[in-house]
Every structure is written in C-alpha cells, then in structure tokens.
Amino acid sequence: MLKFKDVDEVIQRANSSSYGLVGSVFSNDMKVCHKVVKGRQCGQVYVNNYFQMGVDTPFGGFKDSGVGREMSSHGLDRFLETKTVVYDCN
C-alpha cells in the first residue's frame, strides 16, 4: 500500500513502469474508476475485480509487456493480410 494525494498521482505512478499488462482499480466511486481506466496504459483494466476474463476477451499488454493480442478475434489479426477491394458496379 502506498499513500497518494489524488487519483492523478496514482495513474502517473502506475504508468511510470515500463510494463503495462494488467491493472485493477477498486473503488465505490465509479467516476474514480472511469478516470483510472481511461488513464492507465495497460492492455486490461479490471474494475472492482481481478482477472475475470473469458476466452473471447483480447489479452495482451502495452509497452514492454508484449506486442499484439492473444485470444478472441483480435488474436487472429496478426495471422491475416487484410485487403480492401472496391468494385464499381455501375
């Protein structure tokens, strides 16, 4: 446990790490939770719980915590080559 002055300090401390895989915020104040979720630089943020994800939930991190996502349709993206084709049917 660390003391802090305000939520901005908490977000800054958490983001000062070179890693960004998973984070959690526990609070009865949903405004605080939303601010932390928006401010955190990590692949997953849990609100009032921890690591309750399903197989259809993308998993992966920011910064030195990996590249890309695993699981879900997002995990398949790195194996695909997307091509846009536009036909003029007139």
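The lining of the largest pocket in this predicted model is mostly a nonpolar affair: eleven of its residues are nonpolar, three are polar and one is charged. The space inside comes to about 350 Å³. Of the 15 residues that line this pocket, Val10, Ser24, Val25, Phe26 and Val36 sit closest to its centre. Helix H1 (7-15), strand E2 and helix H2 each give two or more residues to the lining.

Phe26 turns up again on the outside of the model. This residue is found in the loop between strand E2 (22-25) and helix H2 (30-39). With a relative accessible area of 58%, Phe26 counts as exposed, because the cut-off for that label is over 50%. Together with Tyr50 and Phe51, Phe26 makes a nonpolar surface patch of about 380 Å². So Phe26 is listed among the residues closest to the centre of the largest pocket, and is exposed as well.

A little earlier in the chain, Gly23 lies in strand E2. Gly23 has a relative accessibility of just 10%, so it counts as buried, the limit being under 20%. The C-alpha atom of Gly23 is 7.8 Å from that of Arg40, although 17 residues separate the two along the chain.

The second largest pocket holds about 230 Å³ of space. Its lining is made up of Met1, Leu2, Phe4, Val10, Arg13 and Ala14. Sorted by class, that gives five nonpolar residues, no polar ones and one charged. Val10 is worth a second look: it helps line this pocket, and it is also one of the residues closest to the centre of the largest pocket.

As for charged pairs, the count comes to two salt bridges. One of them joins Asp8 to Lys35, with the closest N and O atoms 3.1 Å apart. This pair ties together distant parts of the chain, since Asp8 belongs to helix H1 and Lys35 to helix H2, 27 residues away. Asp8 is partly exposed, at 42% relative accessibility, and Lys35 is partly exposed too, at 40%.

The other salt bridge is formed by the side chains of Glu9 and Arg13, at 2.6 Å from N to O. Here the partners are separated by about one helical turn, because they are four residues apart in helix H1. Arg13 counts as partly exposed, with a relative accessibility of 33%. Besides pairing with Glu9, Arg13 has a place in the lining of the second largest pocket.

Definitions and conventions
Residues numbered from 1 in each chain as written. Predicted model: local features only at pLDDT ≥ 70, side-chain atom pairs only at ≥ 80, totals over all residues. Heavy atoms only, no water. Patch = residues over 30% accessible without salt bridge, like charges linked within 9 Å, V, L, I, M, F, W, Y side chains within 5 Å. Areas by Shrake-Rupley, 256 points an atom, 1.4 Å probe, with all protein chains shown as cover. Salt bridge = Lys/Arg side-chain N within 4 Å of Asp/Glu carboxyl O. Buried < 20%, exposed > 50% of the residue type's maximum accessible area, 1.4 Å probe, protein only. 1 Å grid on protein atoms, 1.4 Å probe; cavity = no way out; pocket = protein on both sides within 12 Å on 5 of 7 lines; lining within 4 Å. Points joined across faces, edges and corners; volume = space filled by probe spheres on them. Nonpolar A, V, L, I, M, F, W, Y, C, P; charged D, E, K, R; others polar.
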